[in-house]
Amino acid sequence: MECKEVNSKLIFYLEKELLKDEMLQMENHLSNCSSCSDSLVLLQSALGIIEKEKTLQANPYFVSKTMNRFKEEQRKANQPVFTRLLMPVLVSMLFVLAIGSGIFMGSNFATDTENIQQSNLIDPYFNEIDNETIELFFLNDGYHE
Ligand SMILES: [Zn+2]
């Protein structure tokens, strides 16, 4: 048996799914070839990890569930403060910017470009907040009055 063949059959050898004859050939080769027996050890440990993960399946599920709940709680806790305090600040910042660009509009091209650059800096930030919190924004009821 060649190394290539042995390597391709290692998994079946471990699962004892080979013919008796092949099993013997594999055993023979593995006891004589260090590179193939190394591969066997590697494969064994990889399978060992998989087996371990199977038995621990309930645990990571619990952890991720707990983490999700924790994040959810955090979000609930942060959201109202965030929208109530930060949104007005951003809105007034944009307002000031709009007035600023209105005053300087047409008077100086350089100032104009500067203003455009400034609004480009703030716009993505503002859009990002919009995208993430639009539902909560309306759910929160904070701005309906
Ligand atoms: Zn070999």
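A helix is expected to span 1.5 Å times one less than its number of residues. Keep that rule at hand for this tour of a predicted model.

**The whole chain**

Start with everything selected. The chain contains 5 helices and 0 strands, and from the N terminus on its elements run α-α-α-α-α. Of the 145 residues in the chain, buried ones make up 2%. Now turn to the contacts between residues at least 6 apart in sequence: 60% of these join residues at least 24 apart.

**Residues 3-36**

Next, select residues 3-36. UniProt lists this stretch, in an unreviewed entry, as "domain: Putative zinc-finger". The span is 82% helix and 0% strand, and its end C-alpha atoms lie 7 Å apart.

**Helix 1**

Select residues 3-14, which form helix 1. Try the rule here: with 12 residues at 1.5 Å a residue, helix 1 should span 16 Å, and its end C-alpha atoms are indeed 16 Å apart, so the two agree.

**Lys-16, in the loop**

Step on to Lys-16, which follows helix 1 and is found in the loop between helix 1 and helix 2. What is the phi of Lys-16 near? The angle is near 55°, a positive value in a residue other than glycine. For comparison, most residues other than glycine have a negative phi. Is Lys-16 buried or exposed? Lys-16 counts as exposed, because it has 7 C-beta neighbours inside 10 Å, and a residue with 12 or fewer is placed in that class.

**Helix 2**

Now select residues 20-32, which are helix 2. The rule can be tried again: the 13 residues of helix 2 should span 18 Å, and the end C-alpha atoms are 19 Å apart, which agrees. Of those 13 residues, the number buried is 1, so helix 2 lies largely in the open.

**Where helix 1 meets helix 2**

Show both helices together. Two packed helices are described by the angle between their axes and the distance between the axes. Helix 1 and helix 2 pack at an angle of about 115°, and their axes are 11 Å apart. In this arrangement helix 1 passes helix 2 in a left-handed crossing. Which residues make the contact? Pick out Val-6, Lys-9 and Tyr-13 on helix 1, then Glu-22, Met-23, Met-26 and His-29 on helix 2. Coloured by type, the residues of this contact divide into 4 nonpolar, 1 polar and 2 charged.

**Helix 3 and two of its residues**

Move along to helix 3, residues 34-55. Two residues here are worth a stop.

Select Ser-39, which lies in helix 3. Leaving out residues up to four places away in sequence, Ser-39 touches Asn-7 and Leu-10. How far apart are the C-alpha atoms of Ser-39 and Asn-7? They are separated by 7.3 Å, although the two residues are 32 residues apart along the chain. Ser-39 has 16 other C-beta atoms within 10 Å, so it is partly exposed.

Then select Leu-43, also in helix 3. Which residues does Leu-43 touch, not counting residues up to four places away in sequence? Leu-10, Ile-11 and Leu-14 are its partners. Between Leu-43 and Ile-11 there is a C-alpha to C-alpha distance of 7.4 Å, while the pair are 32 residues apart in sequence. Leu-43 is partly exposed, because 15 other C-beta atoms lie within 10 Å.

To finish, display Leu-10 with both helix 3 residues: Ser-39 touches Leu-10, and Leu-43 touches Leu-10 too.

Technical notes. Residues numbered from 1 in each chain as written. Predicted model: local features only at pLDDT ≥ 70, side-chain atom pairs only at ≥ 80, totals over all residues. Helix = DSSP H or I, 4+ residues; strand = E, 2+ residues; numbered from the N terminus. Axes fitted to C-alpha atoms, helices over the stretch in contact; angles between N-to-C directions. Left-handed = near helix turned anticlockwise from the far one by under 90°. Contact = placed C-beta atoms within 7 Å. Nonpolar A, V, L, I, M, F, W, Y, C, P; charged D, E, K, R; others polar. UniProt positions renumbered as here; feature names shortened; annotations may be inferred. Buried ≥ 20, exposed ≤ 12 C-beta atoms within 10 Å, placed from the backbone.
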